[in-house]
Amino acid sequence: MGYTVTEKILAAHLVEGELKRGTEIGIRIDQTLTQDATGTMAYLEFEAIGIPRVQTELSVCYVDHNLVQSDFRNADDHRFLQSVARKFGLYFSPPGNGISHQVHLERFGLPGKTLLGSDSHTPTGGGLGMLAIGAGGLDVAMAMAGKPFYLVMPRIYGIKLTGRLAPWVSARDVLLEVLRRLSVKGGVGYVMEYFGPGVAELSVTDRASITNFGAELGATSSLFPSDERTREFLASQGREEGFVELSADPDAVYDQVMELDLASLEPLIACPSSPDNVVPVREVAGRPVAQVLVGSCSNSSLRDLMVVAKTLESREVSRELSFEINPGSRQVLENLTAAGDMLTLVRAGARVHQAGCLGCIGMGQAPPTGTISLRTFPRNFPGRSGTKNDQVYLCSPETAVAAAITGRITDPRELGAYPRFDLPRRYLPGDSRIEPPRDGAEVEIVRGPNIAPFPEFKPLAADWQGRALLKVEDNITTDHIMPAGAKVLPLRSNVPAISAFVYEAVDPEFVKRAREEGPGLVVGGDNYGQGSSREHAALAPRFLGVEVKLVKSFARIHKANLINFGIVPLTFADPADYDKIKLGDLLRIESIRAQIAAGAETLTVAGEGYTFQARLDVSPRHREILLAGGLLNWAQAG
Ligand code: SF4
C-alpha cells in the first residue's frame, strides 16, 4: 500500500511507535517557531529544562502578538525574547517584522520538514508541503531540547481538488466551503491532505491560506504536495535549493475523501460567531458594515493585499466605515511599496498598520458597539475582537474590499472585471531585521519585573476530591477560558497575574470561587478547548486549583496542554451524566493515582447522591506525566 504525503513525512521522522492510526507516535522535529504570547512562557520552560542551546535544525522566536506598548510589560517581554534567542541559538524576528506564520512561510519553511509551533495556525507551513503542527509551549520547549514530539497517529482526510477558481473567488472560499461541510469539529483526529489536478491551480500562498484556516476544523494539520508551484515559490524567495518534490503514491489510501470542484465555488462568508457558520455572501448582502480589516496569518500575503489595492484603483473607500490593512510581514510591506500599490491603498482611504496580528488577537481594532466588522481573519469567536456582543464576519480579501467600497456586505462579483496582476518573480526579501542565531555563551537574559517564575505543581494525590467550580456548554474556546486582548496578553509571562482573568467572559465569579473553594474540577460539553494553542488556558486554571476537567469531548491541543500541566482530562462515558452535576457539587475519585498508574481507562466518579463512569483516554507516557503533576516535573525527574 502506498503512502500519503503525511505518512511519508511521518515515516521519515518517526522515532517511536509505528504508523498505526490511533496509536501514539513520537516524531523528530526539524524546526520550531514560537510567537511572543505563548513563547515567553515556552522559553521559561526551556530554561527550566536546562539545555544550553536549541537542538533543532532551526528555531525562530517571533514577536507578533503583543505589539501595543501601553506600559513596560510588552516592551520588557520583547527584550526578554530577544535575549533568549541570542542566548539559546534561535533566529529572532522582532516586533513589526510580521506574523510568525507568514514570515516562516517566506523565509524558513521547507517541504518535507516537520515544524512544531506554539500557535494553532502553525499548519500554514503545510502550504509548502511541510508537516506543520500547532502545540502548547511546553511541547515546543521539549522539541527545542531535542526531544520527540508525541501525537496520536492521525487519520488522513484526502481532499481532492478539481477545476479552477472563478474570478472573485479565492483560497479563503475553499476552506469556508470545507468548514461549511465539516464544521469546526470535522477535522478532529485528521490531517487534511489536498491532492488532485486542482492543486496546481493554487499558488503556495493560496495553499497556505487554506492550511492555515484548516486549524478551525480542529485538524491536527493540513498540507499540500510539493510541486512545481512550490519550487517557483521557493525560487521567488531565493531559496530554491530547499525544494524537494513530494506527492502521495498513486495507491495511497485516505481514511476519508472529499471532492471539491474549485470552479463550483462562489464567494462565501462565515457569520457571527463561529468560523463554520458559513453562507454565500449574496445571502447576507446589503447589511451595513462599520469596519473592514484585511490581514492576519490567513490572508495578508502580497497577493491578498495586491488584489485589494488593484480593486481600489480609481475607487474610494466608503466614509461610513473604517478600512484597515494589517500586512502579514515586512516582506509584504516592502514589495507592496515597491510595486506602487501602497500608494493606491493610502489614497483610497486605508489605515495601514504595522505587520503583525493586531486586531486578530484583540490587540486594538475593536469594532464599534452593535456593528458589523468584516475580517479576513481565521476566527470570529464571541468577544475575541475586544467588543462585547460583537458581530464579526470572516471572508476573503475580495469580499472585504467590496464591502469597503460599498459600505455594505457585497458579493464581489458585482464589482465587474476581476483585477489582473503579476506577483514578483523574485521578492524583495524584507528580512533585514531578522537576527540569525549567535554564540550565546556570554549573553545575559534580560528580565523585566513582569516576568514571574514558572509555578511549581505537586504530583497527583492518592485520592482526589474537589468541587465543581464551573459548568459550561459545548464548543468552549480557549478564548473563553483564557481571554486575550490588550489588557490580558501583556501578563502572559506572569501566571499569578494572568490567572485573575480565567473564564472572565463565561463567569466573572469563577476566580473568586476557585480561590475559596478549590481544588476542584470544570465540567464541560463537546469540543471543549477549541481554538488557539494557548497553554495558559491549562496553566492558569491549574494555578487556581483546577485539577480535573470532565467534559463530553476535548479539542486536541487543549487536551495535550491539560496533560502537560497535570490536569486529568476525563470524558463522560455516558454524556447524559453531564446533567447530574450541579455547580458546587463535591466529587471524589478514590485511588485515582493507583488507578491511573495501573492503566485504568475508566474511573468511577462519586458525586452528591450519584456516581458515574468517566473515561481516561491517554497514552502510557501521558499517565506518567499526570502522576508527576505535569510534563516539566516528569522531564526533570527523567
Ligand atoms: Fe496572529 Fe490571528 Fe494568526 Fe493568531 S490567528 S497568529 S492572532 S494573525
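How many disulfides does a search of the whole structure find? In this predicted model, the search returns zero disulfides. Two cysteines help to show how this looks up close. Cys61 takes part in no disulfide, and the nearest cysteine sulfur, which belongs to Cys357, is 13 Å away. Cys61 is also buried, its relative accessible area being 1%. For Cys271, the closest cysteine sulfur is that of Cys395, at 11 Å. A disulfide requires two cysteine sulfur atoms within 2.5 Å, so the sulfur of Cys271 is too far from that of Cys395 for a bond. Cys271, like Cys61, counts as buried, with a relative accessibility of 10% for Cys271 and 1% for Cys61.

Cysteines also appear in the surroundings of the ligand. Cys297, Cys357 and Cys360 are among the residues around the ligand, and Cys357 is also the residue whose sulfur is nearest to that of Cys61. The ligand shell further includes His65, His101 and His121, together with Asp119, Ser296, Ile361, Pro378 and Arg384. Sorted by class, this shell holds five nonpolar residues, four polar ones and two charged ones.

A further histidine, His558, is worth a look in its own right. His558 sits in helix H19, which spans residues 556-564. With a relative accessible area of 1%, His558 is buried. Once its neighbours within four places in sequence are set aside, His558 is in contact with Thr478, Ile481, Tyr528, Gly529, Ala537, Ala538 and Lys549.

Terms used: Residues numbered from 1 in each chain as written. Predicted model: local features only at pLDDT ≥ 70, side-chain atom pairs only at ≥ 80, totals over all residues. Heavy atoms only, no water. Near = heavy atom within 4 Å. Nonpolar A, V, L, I, M, F, W, Y, C, P; charged D, E, K, R; others polar. Buried < 20%, exposed > 50% of the residue type's maximum accessible area, 1.4 Å probe, protein only. Helix = DSSP H or I, 4+ residues; strand = E, 2+ residues; numbered from the N terminus. Contact = heavy atoms within 4.5 Å.
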